[in-house]
Amino acid sequence: MKKIAILGSTGSIGTQALDVVRQHPERFSVAALAAGQNIGLLAEQAREFKPRIVSVSTKELAENIKLQLPSEIQVTWGEEGAFAVATHPDATFVISAMVGSAGLAPTLAAIEAGKCIGLANKETLVTAGHIVMQKAKTRDVSVIPIDSEHSAIFQCLQGEDRRTIKRLIITASGGSFRDLSRDQLRNVTVEQALAHPNWSMGAKITIDSATMMNKGLEIIEAHWLFDLPYSKIDTILHKESIIHSMVEFTDRAVMAQLGTPDMRIPIQYALSYPERVPLETEPLDLVKISSLHFATLDFERYPCLRFAYEAGRIGGTMPTVLNAANEVAVARFLRKEIPFLAIEDTIAHVMAKHQVAGHPNLDEIFEADMWARQVATQYQPV
């Protein structure tokens, strides 16, 4: 029985992870759950899965949800609450699925506590990949990717000599606006941006998919997960989201992982690894799909992809700043404060103003993150 803690249990990844647990009660149980403000859903989850502890974002929400739960379930809140979930002594596997850079500190705490990590929070590696992976190595902790693209690469590399990797090929759906020109993007709405053609995801990730920043963050994440230079990490447009990513080897063989666009597949693989267990989901029918399509990703069409490669190659605090500026810009777009293309303008503005600190420690990372958020919040695009 694998006992699981979930950071972000009411989000898209968290709810689908619990569906996997629901399908395999003989294999998985829930030790701890952390959420933000959706206490209605968290209360339902806690009553069904009976964790030892739950955490919410504020003291007021904690007092509210406590009235809805059995007394044996401990209720906590805030950063300390997330840490308590991440390090709970009953948990052996922690799913890191909090949105944004907020997931960094509790994920580090889980690693320090010796927990195996199922990583769905790409910002954790984007902002502090050098610290996270070194800490995991020091503590002999496995970091298993849950993002469909990185899970695909992870699966393709099983049993392979990493020295024979020629390049990784990360596929991208293109997001909500993949068929629109740059001019057509000027007046797109929040509602249009949230209508992803393939995947069911949270609002922030769906907007990142539309700007292609999601793919940019995945490039930086892949750099740290698989210890490869950016020159060996490519991207390709693949509208159907059937091939989740590929690995090309030095003998020119290419291995790909295919499947329906269902996040429960990589979630379950991370939970059951190295085993594979049955999953009730729609099977992949290639005859029905009939054809798959691919195209080059244009940096002029998707400048956020270029920003990510630039930030990754510069290193230091620049990826932290890239991520923080993007989080603020996306939030402002979702609140309808700025237009869609201003997300890119905001990121470019903040990156241009940043003085990079090389090999930053955690304090320097948090300082750079705070600085970038302030600059991005104050920026008024023309």
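Here is a short walk through one sheet of this structure and then its largest cavity. Keep in mind as you look that the model is predicted.

Let's begin with the sheet. Strands of a sheet pair through backbone hydrogen bonds, in either a parallel or an antiparallel way. Here four strands form an open sheet in the order 9-8-10-11, and the pairing is mixed. Strand 9 (233–237) and strand 11 (254–258) are found at the edges, each with a single partner strand, so one side of each has no neighbour in the sheet. Going from one strand to the next, the twist averages 20 degrees.

Now turn to strand 8 (residues 165–172) and strand 10 (residues 243–249), which run antiparallel and are joined by five bridges. If you would like a spot to pick out on screen, try Ile-169, whose bridge partner in strand 10 is Met-246. Helix 7 (residues 148–156) packs on this sheet, where it touches strand 8, strand 10 and strand 11. The direction of helix 7 makes about 40 degrees with that of strand 10.

Helix 7 also leads us to the cavity, as it gives three residues to the lining, the largest share. The structure holds one cavity of 30 Å³ or more, and the space inside the largest cavity is about 50 Å³. Eleven residues line it, with Ser-148, His-244, Gln-257, Ile-265 and Pro-266 lying nearest the centre. Helix 7 and helix 11 (264–272) are the elements that give two or more residues to this lining. Sorted by class, the lining has seven polar, three nonpolar and one charged residues.

Terms used:
Residues numbered from 1 in each chain as written. Predicted model: local features only at pLDDT ≥ 70, side-chain atom pairs only at ≥ 80, totals over all residues. Heavy atoms only, no water. Pairing = 2+ DSSP bridges. Axes fitted to C-alpha atoms, helices over the stretch in contact; angles between N-to-C directions. Contact = heavy atoms within 4.5 Å. 1 Å grid on protein atoms, 1.4 Å probe; cavity = no way out; pocket = protein on both sides within 12 Å on 5 of 7 lines; lining within 4 Å. Points joined across faces, edges and corners; volume = space filled by probe spheres on them. Nonpolar A, V, L, I, M, F, W, Y, C, P; charged D, E, K, R; others polar.
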